[in-house]
Amino acid sequence: MSMTPGQSHEHATEQIRRLMGFVPFAEACERWIVAGSYRRLRPEVHDIDIVSIPGAAGGLFGDAGNALWLALDAAMARGEISHPPRTCWGETLRRFMFEFHAFEVTCCDSTAWPVLVAVKTGPEKFTKGLVTRRCEGGLLPDDLMVAKDARGRSWRVWRGRVVAEGEDGLPVVVEPGQQLTFETEREFIELCCGKWIEPKERT
């Protein structure tokens with residue numbers, strides 16, 4: 001459920017531009033994209049979802065620090081962004097308020113990027129289909145599943161895996177096996193849907 005009232009797509013564009021003045025996504029990320037209803041070109045945008053592959057802060061990623069998270073920490077310390085009523089400031093997901101609207105930023109690696117961008121673009125029904133097997137009414141081929149790997153990294157696609165349910169409800173791979181990787185979101189969408197579907201056409 002959205003935490004903030006809707007705004008026009010044009011106003012959201014301007015708000016994102018202003019946020020970039022305080023949080024340098026281009027410098028702090030290897031890749032980033034605004035997903036959700038904004039990417040689907042909906043006339044009314046509520047929360048703004050951003051997916052990113054963060055850059056490294058002074059060393060190897062995961063060792064010396066996440067450059068995007070450091071930039072967000074600095075913006076929070078300066079009072080340019082603020083915590084929402086329900087704080088979410090974790091290692092892979094952060095939510096914050098900027099100019100009275102909610103932003104959600106998810107960090108991932110290049111392996112998770114194609115799947116996570118598709119999932120975060122939505123809408124909810126389409127997203128659920130992408131991670132649900134066809135035999136269960138979804139879009140994902142029956143021999144595949146979206147699950148974490150043995151190191152707890154999310155949004156991997158596996159073929160024929162034995163899994164257990166993790167604490168957050170997502171399946172976790174407990175035996176090594178064949179992991180599918182995708183170069184682009186298009187490859188993942190075409191696998192599930194049989195063709196590329198533009199974000200604005202997803203329902």
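This section describes strand pairing, helix packing, aromatic pairs, cysteines and backbone geometry in a predicted model.

Among the strands of the predicted model, E7, E8 and E11 form an open sheet of 3 strands, arranged in the order E7-E8-E11 with antiparallel pairing. E7 and E11 occupy the edges of this sheet, and because each has a single partner strand, one side of each is left without a neighbour in the sheet. Direction ignored, neighbouring strands of the sheet are turned against each other by 40° on average. The pairing of E7, which spans residues 144–147, with E8, which spans residues 156–159, is antiparallel and extends over 4 bridges. Within this pairing, Ala 147 stands opposite Arg 156 of E8, while Leu 144 has Arg 159 of E8 as its bridge partner. On the E11 side, E8 pairs with residues 178–180 in the antiparallel sense over 3 bridges, and here Trp 158 has Gln 179 in E11 as its bridge partner.

Strand E8 also takes part in the packing of helix H7, whose buried residues lie against E8 as well as against helices H3 (36–39), H5 (113–121) and H6. In H7, which comprises residues 185–193, the buried positions include Glu 185, Phe 188, Ile 189 and Cys 192. Viewed down the axis of H7, the buried residues fall within an arc of 95°, and they therefore line one face of the helix. An α-helix has 3.6 residues a turn, so residues three or four places apart point the same way. Just after H7, Gly 194 adopts a positive phi of about 85°.

Helix H6, one of the elements against which H7 packs, covers residues 124–130 and contains Thr 127. With a relative accessible area of 15%, Thr 127 falls under the 20% limit and is therefore buried. When residues up to four places away in sequence are not counted, Thr 127 touches Ala 118, Val 119 and Gly 122. Gly 122 is also the residue that precedes a cis peptide bond, the one leading to Pro 123, for which omega is near 0°. Pro 123 itself is located in the loop between H5 and H6.

A search of the whole structure for aromatic pairs returns 5 of them. One of these joins Phe 96 and Phe 103 in a stacked arrangement, with the ring centres 5.4 Å apart and an angle of 0° between the planes. Phe 103 also pairs with Phe 98, in this case edge-to-face, at 6.1 Å centre to centre and with 75° between the planes. The angle of 75° lies over the limit of 60 degrees, and the pair of Phe 98 and Phe 103 is therefore classed as edge-to-face. Ring pairs link these residues with Phe 22, so that Phe 22, Phe 96, Phe 98 and Phe 103 constitute a cluster. Phe 96 has a relative accessible area of 0% and is buried, Phe 103 counts as buried at 1% relative accessibility, and Phe 98 is likewise buried.

The loop between strand E5 (93–98) and strand E6 (101–107) contains Glu 99. Although Glu 99 is not a glycine, its phi is positive, at about 50°. At 33% relative accessibility, Glu 99 counts as partly exposed, in contrast to Phe 98, which is buried. A second positive phi in a residue other than glycine is found at Leu 41, where the value is near 60°. Leu 41 is situated in the loop between H3 and strand E3 (44–45). Most residues other than glycine have a negative phi, and most peptide bonds are trans.

With regard to cysteines, the structure holds 0 disulfides. Cys 193 is in no disulfide, and the nearest cysteine sulfur, which belongs to Cys 192, lies 5.8 Å away. The limit for a disulfide is 2.5 Å between the sulfur atoms. Cys 193 is partly exposed, with a relative accessible area of 24%, whereas Cys 192 is among the buried residues of H7. Cys 88, at 17% relative accessibility, counts as buried.

Terms used:
Residues are numbered from 1 along each chain as its sequence is written. This is a predicted model: local features need pLDDT of at least 70, side-chain atom pairs count only at pLDDT 80 or more; totals for chains, interfaces and linings use all residues. Side-chain values use heavy atoms; hydrogens and water are left out. Helices (H or I, at least four residues) and strands (E, at least two) are DSSP runs, numbered from the N terminus. Buried means under 20% relative accessible area, exposed over 50%, partly exposed in between (1.4 Å probe, protein chains only). Contact means heavy atoms within 4.5 Å. Rings of Phe, Tyr and Trp (its six-membered ring) pair if their centres lie within 6.5 Å; planes under 30 degrees apart count as stacked, over 60 as edge-to-face and the rest as tilted. Two strands pair if DSSP finds at least two bridges between them. Axes are lines fitted to C-alpha atoms, for helices over the stretch in contact, and angles run from 0 to 180 degrees between N-to-C directions. The arc is that of the directions from the helix axis to the C-beta atoms.
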